[in-house]
Amino acid sequence: MFHTQVLTLFPEFFDSPLSCSIPKRAIEAGHLTAEMIQIRDFATDKHRTVDDSPYGGGPGMLMKPGPVVDSIRAAREKQPDTHVVMLTPSGMPFTQAKALEFTKKPGITLLCGRYEGFDERICDYVDEEISLGDYVLSGGEPAALSVLDAVIRLLPGVLGSPESAVLDSFTEDGILDWPHYTRPVEFEGKAVPKVLLSGNHAKIDVWRKEKALERSNKRKD
Ligand code: SAM
């Protein structure tokens, strides 16, 4: 069983995405657990404060170290072998290889920031910092959800056909998936490539590999 935990100020953000489609079925089938931990529960003042202004001045507020670090400690107490991942634009880019690497851990804990981000000292309490891409989201939740989704579909037994994950884009040396077609054979004057209708599987394999390479090289240009 793979254990996921999310440290967040907005646990409700995950309600709908985890209650439909593949994540829902994976949780129901017992492939993983998903627990949301409210960072605000670890605030110690009566206003349950989790943010404060930056030393040195500047706009916005920062996540205070106290409540965040205590929430990380609580997550590690619940799941001692969990791999704690901070979501931050300054982290290493999230990739398919990283998603696969995460599935080999006993579980992951995803730490979501808000405001202008985290007090820098919090970095000392996490195992890894991950970025979803070179753009800025208003919070770590959409990033955590993407990581969760990419990881869940790679967990053994989750996909109906395990082959689909192996054939996905980025799995083999960063190569993209090939183009796919379904019925009808002709749509608004656009025909399905003849080779796919030929029934010749050797030829189809060659065509697919060529197209996948063509696409992958085009994207690199
Ligand atoms: N001031 C920060 C900066 O410029 O790097 C941005 C803070 S952002 C508004 C608030 C939170 O959203 C971050 O602490 C992080 O958790 C999350 N976040 C924003 N963009 C992200 C990205 N590309 N990848 C992962 N997390 C991101």
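Helices and strands are here DSSP runs, numbered from the N terminus, with at least four residues for a helix and at least two for a strand. The exercises below concern a predicted model.

**Exercise 1. Determine which secondary structure element gives the most residues to the shell around the ligand.**

Solution. Begin with the elements that give two or more residues to this shell: they are strand S5 (83-93) and strand S7 (128-131). Next, consult the contributions: S5 gives the most, with 3 residues. Finally, place the ligand itself, whose space is the largest pocket.

**Exercise 2. Identify the residues that come nearest to the ligand, and describe the composition of the shell.**

Solution. A residue belongs to the neighbourhood if one of its heavy atoms lies within 4 Å of the ligand. There are 20 residues around the ligand, and those that come nearest are Leu-87, Gly-113, Leu-132, Tyr-135 and Leu-137. Sorting the shell by residue class then yields 10 nonpolar, 8 polar and 2 charged residues.

**Exercise 3. Locate backbone atoms of Gly-113, Leu-132 and Leu-137 that lie 2.9 Å from the ligand, and state how much of the ligand the protein buries.**

Solution. The cut-off for a polar contact is a pair of N or O atoms within 3.5 Å.
- At Gly-113, a backbone N or O atom is found 2.9 Å from a ligand oxygen atom.
- At Leu-132, a polar backbone atom is 2.9 Å from a nitrogen atom of the ligand.
- At Leu-137, a backbone N or O atom is likewise placed 2.9 Å from a ligand nitrogen atom.

For the burial, take the ligand alone, which exposes 580 Å²; the protein buries 83% of that area.

**Exercise 4. Find the backbone features at Pro-184 and Arg-48, and place each residue in the chain.**

Solution. First, consider Pro-184: the peptide bond that joins Arg-183 to this residue is cis, with omega about 5 degrees. Pro-184 lies in the loop between H6 and strand S8 (186-187). Second, consider Arg-48, a residue other than glycine with a positive phi, near 55 degrees. Arg-48 is located in the loop between strand S2 (32-38) and strand S3 (51-52).

**Exercise 5. Establish where confidence in the protein chain is lowest and where it is highest.**

Solution. For the chain as a whole, the mean pLDDT is 96, and 100% of the residues reach 70 or more. By element, the lowest mean, 75, belongs to helix H6 (residues 162-167), and the highest, 99, to strand S6 (residues 107-111). As a rule of reading, predicted coordinates should not be read in detail where pLDDT is low.

Terms used
Residues numbered from 1 in each chain as written. Predicted model: local features only at pLDDT ≥ 70, side-chain atom pairs only at ≥ 80, totals over all residues. Heavy atoms only, no water. Polar contact = N/O pair within 3.5 Å; in protein donor to acceptor, adjacent residues only side chain to side chain. Areas by Shrake-Rupley, 256 points an atom, 1.4 Å probe, with all protein chains shown as cover. 1 Å grid on protein atoms, 1.4 Å probe; cavity = no way out; pocket = protein on both sides within 12 Å on 5 of 7 lines; lining within 4 Å. Sits in = over half its atoms within 2 Å of the grid points. Nonpolar A, V, L, I, M, F, W, Y, C, P; charged D, E, K, R; others polar. pLDDT = per-residue confidence, 0-100.
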